[in-house]
Amino acid sequence: MRFLHTSDWHLGRRFHGEDLISAQSTFLDHLNDTARAENVDAILMAGDIYDRAIPSLDAVRLFNRALHQLADLEIPIVMISGNHDSAHRLGVGSGLFARAGIHLRTDPATCDVPVVLTDEHGPVAVYGVPYLEPSMVRGQLEAEATSHAAVLTAAMDRVHTDLTNRQPPGTRSVVIAHAFVTPGTGQDDESQAEESASERDISVGGVAHVGADVFDSIDYVALGHLHGPQRVTDRVHYSGSPLPYSFSEADHVKSFTLVDLTPGTAPTVTRLPCQTPHRLERVEGLLDDLLTDPAHEPLKDAWLEVTLTDAALPFEAMARLRRRFPHTLSLKHQRAFIPAQATETPTYAERLRGRSELDIACDFITDMRGTGPTPDEHALLQQAVDSARVNELQKEIV
């Protein structure tokens, strides 16, 4: 059976103020054309359909058009909600959509109710596991703890139970999930997964990831959340986003993932490149050099992130850059050399760069009393950060 795996459309997202609706419309047309050309048996969409819980009207209109295009393919489509989506809003009408072959899985309670497809080798059970916010679904799934690993394990226990009871024995299986999955269960394995700056932090208790062994015995796992296409194991893959959504993705080759599932063997996975609307480039240097050096002429048509290394930020730097490079979208300043005797205090933005809410809270405690938080205080701060994030999610649902 042949699947087309995609994820992280983020319909309605903007790129440093630039509207991406036209580009997103183009990749949805490309998805439709690819599904036809490759004779796929089903499409798997692994979450983050929208960029926001309450999407813009343009994003809703685009998704509506995409639904009609996908229904016209007359092949099954299985879609799940991601951490950017409002599961409740996205799930409205799912029963009616299913009649057109579009299966939306947004309720954790239905994670063990597969869409069953059939080919010449027999049935394939396709399970949709939507994004699971630990504190909101722990009770529903009867998970052992409030963590990503615990709730996804509880969901997969239900999937494995259903699969074990299916006839015939050995029914092939596919799971669609939206999570940060690494090759193993230990924290050291987190470095093996490639993140992007455009992905929203989902950590709970300081831990965001889950080991791939939770999916043991599943024939193929179609993942969403990380924006770079990547292999976690032979049977567990991220398709990545079809468009770049941050300059950290400038080197990504955006793609859809074509999966051929044959009984008794590991799936055959092929990346099918997606065309991006603009080339992303990152460049750094002195402003005068960037404005005059002929070597930078090829950058005129690219979307640019510029890091200036001048001793001081030049006057009207962005305006001057845009006269030569019209699509300069991001400007940073990082001096190439700071004299040893300099004692300037870093700016507020510089001090916060790359630090989490928990790091900032701990720094505040240290600054106020001269010592960092105790282990108990650290646990309370982590609980407060997690609760604040959940409260924001709950506001999006209302």
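This is a short talk on one predicted model, covering the chain as a whole, its cysteines and the surroundings of Phe 247.

I'll start with the chain. It has 398 residues, and 48% of them count as buried. The secondary structure comes to eleven helices and 19 strands. For contacts with a sequence separation of 6 or more, 69% are between residues 24 or more positions apart. The exposed surface is about 19,300 Å², and 51% of that is supplied by carbon and sulfur atoms.

Next, the cysteines. How many disulfides does a search of the whole structure find? The count is zero. The search asks for a pair of cysteine sulfur atoms within 2.5 Å. As for burial, Cys 111 has a relative accessible area of 1%, and Cys 274 has 9%. Both count as buried, because the cut-off is under 20%.

Now one residue in more detail. Where is Phe 247 placed? Phe 247 sits in a loop, with strand S14 (236-238) before it and strand S15 (255-260) after it. Is Phe 247 buried or exposed? Phe 247 is buried, at a relative accessible area of 3%.

The contacts of Phe 247, setting aside neighbours within four places in sequence, include Phe 15 and His 16. Also in that list are Leu 280, Glu 281 and Arg 282, then Trp 303, Leu 304 and Glu 305, and finally Leu 329 and Ser 330. Take Leu 280 as one of these. Leu 280 and Phe 247 are separated by 33 residues in sequence, and their C-alpha atoms are 6.7 Å apart.

That's the end of my part.

Terms used. Residues are numbered from 1 along each chain as its sequence is written. This is a predicted model: local features need pLDDT of at least 70, side-chain atom pairs count only at pLDDT 80 or more; totals for chains, interfaces and linings use all residues. Side-chain values use heavy atoms; hydrogens and water are left out. Buried means under 20% relative accessible area, exposed over 50%, partly exposed in between (1.4 Å probe, protein chains only). Helices (H or I, at least four residues) and strands (E, at least two) are DSSP runs, numbered from the N terminus. Contact means heavy atoms within 4.5 Å. Accessible areas come from the Shrake-Rupley method with a 1.4 Å probe; for residues, only the protein chains shown count as cover.
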